[in-house]
Amino acid sequence: MKLELRSRQGLLTISATILASGMAFLDSTAVNVALPAIAEQLGASFSELQWILDGYLLTLGALILPVGRLADNIGRKRVFTWGVIAFAATSLACGLAPGPLWLIIFRTLQGAAAALV
């Protein structure tokens, strides 16, 4: 199916894509600002803070190519939809994380979800 960029559907598609990829990018950088609060409120060590950042980026970087192949095989729209849902769910889980270990786990899963977006 060919999608014309100037059509309503084309504009909605490109807008959704830009917003979702921007969301994943913003999340990868916004946590840097929150690190002092995370360290204070969750009692995270320097090493744990590094894993909170790197867990996200490592899984995102490792999965972005295989997810592209998956999207070619089963459909981009389906993978994108799963990604947005998974990203929202893991964002909620990160916000509710009771400690640094859980935050590392949820951020790693969030990186995998970001690869789907």
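**Notes on a predicted four-helix model**

1. Starting at the front end: Arg 8 counts as exposed, because its relative accessibility is 66%, and exposed here needs over 50%. Arg 8 is found in helix 1. Keep in mind throughout that this is a predicted model.

2. Some distances from that arginine. Between the C-alpha atoms of Arg 8 and Ala 113 there are 27 Å, with 105 residues separating the two along the chain. Thr 29 is 21 residues from Arg 8 in sequence, and the C-alpha to C-alpha distance for this pair is 32 Å. Thr 29 also has its place in helix 1; with a relative accessible area of 32%, Thr 29 comes out as partly exposed.

3. Overall layout. The protein has four helices and zero strands, so read from the N terminus the order of elements is simply α-α-α-α. The C-alpha trace spans about 50 × 25 × 20 Å along its principal axes. Of the 117 residues, 31% are buried. Looking at contacts with a separation of 6 or more, 64% of them join residues 24 or more positions apart.

4. The largest nonpolar core. This core has 13 residues, and those touching the most other members are Val 31, Leu 35, Ile 38, Leu 49, Ile 52, Leu 103 and Phe 106. Two or more residues come from each of helix 1 (8–42), helix 2 (46–74), helix 3 (76–95) and helix 4 (100–116). Another core lies apart from it, with ten residues, among them Ala 24, Leu 60, Phe 87 and Ala 113.

5. Leu 103 deserves a click in the viewer. Leaving out residues up to four places away in sequence, Leu 103 touches Ile 38, Leu 42, Ile 52, Cys 94 and Ala 97.

6. Helix 3 against helix 4. The two pack at an angle of about 160°, and their axes are 8 Å apart. Angles over 145 degrees count as roughly antiparallel, and helix 3 and helix 4 are therefore roughly antiparallel to each other. The crossing of helix 3 past helix 4 is left-handed. On the helix 3 side the contact includes Phe 80, Trp 82, Phe 87 and Cys 94, while helix 4 brings in residues including Leu 103, Phe 106, Arg 107 and Ala 113. By class, this contact has 13 nonpolar, four polar and one charged residues.

7. Helix 2 against helix 4. Here the packing angle is about 25° and the axes are 7 Å apart, which makes helix 2 roughly parallel to helix 4. Helix 2 passes helix 4 in a right-handed crossing. Among the residues that meet are Trp 51, Ile 52, Tyr 56 and Leu 60 in helix 2, and Pro 100, Leu 103, Arg 107 and Leu 116 in helix 4. The class split for this contact is 15 nonpolar, five polar and two charged.

8. Is Arg 107 buried or exposed? Arg 107 is buried, because its relative accessible area is 3% and the cut-off for buried is under 20%. Arg 107 lies in helix 4. Setting aside neighbours within four places in sequence, Arg 107 is in contact with Asp 27, Ser 28, Val 31, Ile 52, Leu 53, Gly 55, Tyr 56 and Cys 94. Set beside the arginine in point 1, this makes a handy pair to look at: Arg 8 is exposed, whereas Arg 107 is buried.

Conventions. Residues numbered from 1 in each chain as written. Predicted model: local features only at pLDDT ≥ 70, side-chain atom pairs only at ≥ 80, totals over all residues. Heavy atoms only, no water. Core = buried A, V, L, I, M, F, W, Y, C linked by side-chain atoms within 4.5 Å. Buried < 20%, exposed > 50% of the residue type's maximum accessible area, 1.4 Å probe, protein only. Contact = heavy atoms within 4.5 Å. Axes fitted to C-alpha atoms, helices over the stretch in contact; angles between N-to-C directions. Parallel < 35°, antiparallel > 145°, perpendicular 65-115°, else oblique. Left-handed = near helix turned anticlockwise from the far one by under 90°. Nonpolar A, V, L, I, M, F, W, Y, C, P; charged D, E, K, R; others polar.
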